[in-house]
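Student: Could we go through this model together, testing each descriptive word against its definition?

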Amino acid sequence: MKLTVITISFNNENDIGRTIESILFQKQGAVPYTLEYLIVDGASRDQTVAVAERYLPAMAAAGIDCRITSEPDQGIYDAMNKGIRQATGEIIGILNSGDWYEPGAVAAAAETFAGTGCDLMYANIHMHKASGAVYVKKARQRRFQTSRDWNHPTTFVRARLYKQYPFRCLGIHDDYGFFLQMRRQGRKIVTVDRVLANFVMGGASNRKSLKEAKKRIMDRYRYCYRINGYSRWYLVECVMIEAAKMILG
């Protein structure tokens, strides 16, 4: 089995190293796999690309096919789509710069796809707050779907689905919109009750601003739920999520 992991980056010279190292130190599991690693940089103005290039010899020695591109893009989902088009693996995972995998994450993905024949899988994740506190966000599936049960950095998808249904590039939650699209289509989705990745909070989806919170509410409502045929009642869910971010962080 061949898996592709895509990392998008922009001006992240201080944190991209831990992301790359988490790929470099992945372990083989019960299901053998080969790994392709694509770094899609948005023409960073700092040393992000130079830092990434320092790892190329180690990647080659580990048998990982690592390729780096750097050019302007139209935002994070445009960059993800570029990586998806370049990917040659059967399964694709997307791990943004600054986040990192647990050592057995890719092996767990290979084993899950081989064992279940799923179209999409996701798992538990460690959420790292700015205060240093860490908590586990569980992966679940429920009748009433909510992003509180879904974790993008732990998500792996059949490449053919990502290529057939690229991110729409409409809002800040297009990754969740893709997940809902797959769910509505009846794709086989599996959750893994194990922490596979680490996410650092404080990005665009967590900024405490009433103006930005309102935009995130409408983005999630329009471009995740309504565009995929979900009820108007999901607006309540969108408001509740942003209220929790403002109160709890």
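The exchange below takes up a core, a helix and a strand in turn.

Tutor: This is a predicted model, in which local features need pLDDT of at least 70 and side-chain atom pairs count only at pLDDT 80 or more, while totals for chains, interfaces and linings use all residues. Residues are numbered from 1 along each chain as its sequence is written, and side-chain values use heavy atoms, with hydrogens and water left out.

Student: What makes a set of residues a nonpolar core?

Tutor: The members must be buried Ala, Val, Leu, Ile, Met, Phe, Trp, Tyr or Cys residues joined through side-chain atoms within 4.5 Å, where buried means under 20% relative accessible area with a 1.4 Å probe and protein chains only. The largest such core has 38 residues, and Leu3, Ile23, Tyr37 and Tyr101 have the most contacts inside it. Its largest share, 7 residues, comes from α5.

Student: Why is α4 called mostly covered?

Tutor: Of the 11 residues in helix α4 (76-86), 8 are buried, so the helix is described as mostly covered. Among the buried ones are Tyr77, Met80 and Ile84.

Student: How do you know that β4 pairs with β1?

Tutor: Pairing requires that DSSP find at least two bridges between two strands; 4 bridges join β1 to β4, which run parallel, so the criterion is met. Leu3 stands opposite Ile91 in β4.

Student: Which strand pairs with β4 in the antiparallel sense?

Tutor: That is β8 (residues 156-158), over 3 bridges, and here Ile91 stands opposite Arg158.

Methods: Buried means under 20% relative accessible area, exposed over 50%, partly exposed in between (1.4 Å probe, protein chains only). Helices (H or I, at least four residues) and strands (E, at least two) are DSSP runs, numbered from the N terminus.
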